[in-house]
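Thanks for coming. I want to go through two sheets of this model today. Have a look at the structure first.

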Amino acid sequence: MKTVQEASDTRQEAGEKGTGSVAKRRCLSPFSHSTISHSSPRRGRQTLARGVSPGSPRRFFLSPGGATQLLAIAVILTLAACSKPAPVNVEDDGGEEIPVKESQSNFLDLQVGVNWLSFVANAEREFPELFEGLDRDQKRRTRLAPATPADDRLLLEFSLPKSAKMWAVDWYETQLVAIDLPDARGFSVAIAPAKAAGVELADVLARNRADQVKGAKHQSGMGGTASVSLNGKPIAYYNKLILPGRTTSLVLVAEAWMNNEPLGDAHRDGVNTILAGVSIKRELSLEGLPKHKVSSALPVLLKGDLHFPAGSLSLPVKEGHLVRKLGGDSTVRVDGEGAAPWLLLRQLDQTSAPGDIRVRVRTDPVFSRRMKDPQASFSAGYDPGWNFPMVLWDYSNSGAEHMIMGVLVVGDELLSIEIISTGLRDAEARRKAKQAALDLLQGAHTAPIGNREQLDPLVGWNVGTMGKGG
């Protein structure tokens, strides 16, 4: 917030540029960025006592009543110059960013034992590539969720009547959306984790809403719906939708509520209409962001074919294995053999540091993160002798985690690989999963076959010793 002096300087600068410039930008209140300084009442009384006539203009301007009237006149003139106040317009805003508006519901605060998830705030600004080709109305009806965990995100599309309005609502750092339909207003939609799918959310919400209103009663409806009535008239409707994806699921909950005002059939039908119009537009938890370095289309990806900018890798995945792209860079995750993740592949990071490929490996984030553990232990690098260039290291750390790390050549690409078998605690299960990952990689093919000689400095070299002692 500007100080009074800063505001005064700003007004002075604007005045030097032209008095009309500020008026063109906004309509100012007479109290904007300023304070009104009055002389002390005692000094005012002394002035009047020295002979100012009762009807003189000087007395009018100096008197408290005159000052008050002048302020009132200034306010009236300023308001007359401004447009009349209008209802909140949820479709205003001249930019691409969709502003967060007021909430028309507080049902996230009904204490139903659900850890509500959040839509991603300003997703259209943070991930503009997801909204390319969409007009402003389409952007407003497309939502990315959940905010966390990022690996489980879905891009949701709301198919609503043409004149419906939809806007973001921030409820104590958890974002939901508010919706007004053409024939009814007062709808809100929130998201819950998949584990809430078995909870009768509509009924629990209705019961808690009824508890907040004296004399209100809740009633369970057909298909998992619920309502709240007061004096025989409905004041709230609830319904939920389970939205399953390949890798994650969300539960959407819709409410119609207008601060205990009676609702009509349009509100009951509206709750169902809103949820019926929600669909998964993209499953980012599976296919990554549009600018991912792996260009494989989803059907190709699921078959294990990874197309990097300068080479392709084909993994002989089988039933029970799931290949997915993560984020917007180059990470590919493979789940299988009971582990999730099981394998992680990424482009090896470039570096401007002088030296051969060993410098590039140990400065790569994947390897440098592992080396930060003081108990990290690497074996010497070894060539498994497969039909494409690759060097592997056995790795363990202070958490007794045993895994394999490696570098492979795919055409003109250098990739890092981690066999981590996350989620498997039994030692034998982890051993079998590690061997299955090696078998999978041994059966892989690259196109074109890369230069094996560029990996020669890594053979027999211990990445964990930073190049010292082998």
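Start with strand 13, residues 311-314, which pairs with strand 21 in the antiparallel sense over three bridges. Strands here are DSSP runs of E, at least two residues long, and helices are DSSP runs of H or I, at least four residues long, both numbered from the N terminus. Two strands pair if DSSP finds at least two bridges between them. Within that pairing, S314 stands opposite H445 in strand 21.

Before going on, the conventions. This is a predicted model: local features need pLDDT of at least 70, side-chain atom pairs count only at pLDDT 80 or more, and totals for chains, interfaces and linings use all residues. Residues are numbered from 1 along each chain as its sequence is written, and side-chain values use heavy atoms, with hydrogens and water left out.

Back to the sheet. It is open, has three strands in the order 12-13-21, and its pairing is antiparallel. Strand 12 (305-308) and strand 21 (445-447) are the edges; each has a single partner strand, so one side of each has no neighbour in the sheet. From one strand to the next, the twist averages 15 degrees, with axes fitted as lines to C-alpha atoms, for helices over the stretch in contact (heavy atoms within 4.5 Å), and angles running from 0 to 180 degrees between N-to-C directions.

The other sheet is also open: seven strands, ordered 14-15-16-20-19-18-17, with antiparallel pairing. Its edges are strand 14 (322-325) and strand 17 (377-378), each with a single partner strand, so one side of each lacks a neighbour in the sheet. Strand 14 pairs with strand 15, residues 332-336, over four antiparallel bridges, and L322 stands opposite D335 in strand 15.
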